[in-house]
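Biologist: I have the sequence and the model open side by side. Where do I start reading?

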Amino acid sequence: MFVSDALGVNQLDHLTIGGADTVELAAVYGTPLYVMDEELIRKNARAFRESIEQYYDGNGHVAFASKAFCCKEICRIMQQEGLWLDVVSGGELYTALSAGFPAENIVFHGNNKSVEELAEALNKNVGRIVVDHFFELELLNQLALAAGKTADIMLRVKPGVEAHTHSYIQTGQIDSKFGFALETGEALEAIRQAISLPNLNLRGLHCHIGSQIFEITSFTIAARVMLGLAAQAKSQLGWEMQELNLGGGFGIKYLSEHTPTAYEDYMKAVSRTIRDTCRQLNLALPCIMIEPGRSIVGSAGITLYTIGAIKEIPGIRTYLSVDGGMADNPRYALYQSEYEMLLAARATAPKTERYTVAGRCCESGDLLGKDIPLPKSQVGEVLAVLATGAYNYSMASNYNRLPKPAVVMVKGGKARVVVRRETYEDVASHDI
Ligand SMILES: *Cc1c(COP(=O)(O)O)cnc(C)c1O
């Protein structure tokens, strides 16, 4: 009935998440409010992990892409589920380590990591550093030498695979700021340099071809292309790839008409491709890594808002404004992402109207969606925006000095705050 298994309806016709009544959650914790269902997060994490066990003899790791939703509690949950963590900044690394996440299970990404971030990653013995460009190879080698260490690295490669998704979230093609290009020979040259540097240990190759991808073939083609590069490196440089990281990007259901592939089917297809290709190319089977972000947390989250001004412009559109917007969910403003919405207290009421749902920031582009089907709505009602668990809290800003909402985690009907709501004092706390 809804876009996510986390959601349901109770006898009062109230929307529930993880068994908790969303009208009550809004009353107790205030709005805007992010709410996440812990059970679904864990279930999704397990589905990926078990698929590697089932289809690839457990010879791999699932690293949660923490940029999708980063706070200490999610790091603890991922650790409990046996996942690794992918971080892309000193701040994400700090969050993971301060939650007690084991450094050796952290993969550090980024197209422009600072000297301080690289030194910190070395200092804390982060499991893998994914090197993105030639300058970083040299720099990391020097830093590792100075620290008296050998860094385990992977190289980020642009495999030239075009994933069918919005262009802002395509990252595998040649015109991308991420990684070494395959077609131009740059990636092979990077492998050559990496293996010649004494304080780097090149364990494998990485690619991430985009996000919100529905087609399995995007992943199997990327795997084949990456193994082709590994075969070239083996024959020309004598280097054998031990690890292949295929990144994340698995699509989720934002709208009822979306039909994402079951996560285990990706691993089933990708495992077969890797086995077949390795046999053809005479390569040893690599340990594989995948880095799902959105697909672990996206469907598990919703955002609750209180409806304020409703402004009808006859013959044009009706604006329905909420007490949040682009500051807590910039995704519509960034790339016209679509969401389903409903009224928390009248979850199954027929959606007879069309509203353009606006935020409260001083930007005309501050919208959460255009022409959204909803029941006739009243000021003061609670609006639920569905499938906001990924890239919402993590992309939130304090634009207009709006305090960031709290994040509440629900488990078996019980709620607890995992990120407290910011206060005005928090917002002004760094001002001199
Ligand atoms: C963003 C990103 C991911 C996660 O992408 P999702 O679409 O959230 O699954 C994984 N790996 C890398 C390197 C990324 O940049």
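Modeller: Start with one bridge in a hairpin. In strand E21, Lys414 is the bridge partner of Lys411. Keep in mind that this is a predicted model.

Biologist: What holds strands together in general?

Modeller: Strands of a sheet pair through backbone hydrogen bonds, in a parallel or an antiparallel sense. Now the case here. Strand E20 (residues 406–411) and strand E21 (residues 414–419) run antiparallel, joined by five bridges.

Biologist: Which residue takes a positive phi in the hairpin of E20 and E21?

Modeller: Gly412, with a phi near 55°. The hairpin has two residues between the strands.

Biologist: Now a sheet. In what order do its three strands lie?

Modeller: The order is E1-E2-E3, in an open sheet with antiparallel pairing. Strand E1 (7–9) and strand E3 (20–21) are the edges. Each has a single partner strand, so one side of each lacks a neighbour in the sheet.

Biologist: How many bridges link E1 and E2?

Modeller: Three, in the antiparallel sense, with E2 spanning residues 15–17. For one example, put your cursor on Val9: its bridge partner in E2 is Leu15.

Biologist: Let's turn to backbone oddities. What is the usual background?

Modeller: Most residues other than glycine have a negative phi, and most peptide bonds are trans. Two places here are worth a look. Gln336 is not a glycine, but its phi is positive, about 50°. Gln336 sits in the loop between helix H11 (331–335) and strand E16 (341–343).

Biologist: And which residues does the cis peptide bond join?

Modeller: Thr31 and Pro32, with omega about -10°. Pro32 is in the loop between helix H1 (22–29) and strand E4 (33–37).

Biologist: On to helices. How do I read a pair of them?

Modeller: Take the axis distance, then the angle, then the handedness, then the contacts. Try helix H8 (residues 216–237) with helix H9 (residues 263–281). Their axes are 9 Å apart and the packing angle is about 25°. Angles under 35 degrees count as roughly parallel, and H8 and H9 are therefore roughly parallel to each other. Their crossing is right-handed.

Biologist: Which residues of H8 and H9 meet?

Modeller: From H8, the list includes Ile216, Phe219, Ala223, Leu227 and Ala231. From H9, it includes Tyr266, Val270, Ile274, Cys278 and Leu281. By class, the contact of H8 with H9 has eleven nonpolar, four polar and two charged residues.

Biologist: What about helix H2 and H9? How do their axes cross?

Modeller: At roughly 30°, coming within 9 Å, with H2 covering residues 38–56. That makes H2 roughly parallel to H9. The crossing is right-handed. On the H2 side, the residues in contact include Phe48, Ile52 and Tyr55. On the H9 side, they include Met267, Ile274 and Arg275. The classes are eight nonpolar, three polar and three charged.

Biologist: I saw Ile274 before. Where does it belong?

Modeller: In H9. Ile274 is among the residues that meet H8, and it is also among those that meet H2.

Biologist: Is H2 parallel or oblique to H3?

Modeller: Read the angle. The axes of H2 and helix H3 (residues 72–80) cross at roughly 45° and come within 10 Å. That makes H2 oblique to H3. H2 passes H3 in a right-handed crossing. Glu38, Ile41, Arg42 and Ala45 in H2 meet Ile74, Ile77, Met78 and Gln80 in H3. These contact residues divide into five nonpolar, one polar and two charged.

Biologist: Last feature: aromatic rings. How many pairs does a search of the whole structure find?

Modeller: Nine aromatic pairs. One of them is Phe134 with Phe180, at 5.0 Å centre to centre and 70° between the planes. Planes over 60 degrees apart count as edge-to-face, and this pair is edge-to-face.

Biologist: Why does the pair tie together separate parts of the sequence?

Modeller: Phe134 lies in helix H6 (residues 134–147) and Phe180 in strand E10 (residues 180–181), so the pair links parts 46 residues apart in sequence.

Conventions: Residues numbered from 1 in each chain as written. Predicted model: local features only at pLDDT ≥ 70, side-chain atom pairs only at ≥ 80, totals over all residues. Heavy atoms only, no water. Axes fitted to C-alpha atoms, helices over the stretch in contact; angles between N-to-C directions. Helix = DSSP H or I, 4+ residues; strand = E, 2+ residues; numbered from the N terminus. Parallel < 35°, antiparallel > 145°, perpendicular 65-115°, else oblique. Left-handed = near helix turned anticlockwise from the far one by under 90°. Contact = heavy atoms within 4.5 Å. Nonpolar A, V, L, I, M, F, W, Y, C, P; charged D, E, K, R; others polar. Pairing = 2+ DSSP bridges. Phe/Tyr/Trp six-rings, centres within 6.5 Å; stacked < 30°, edge-to-face > 60°.
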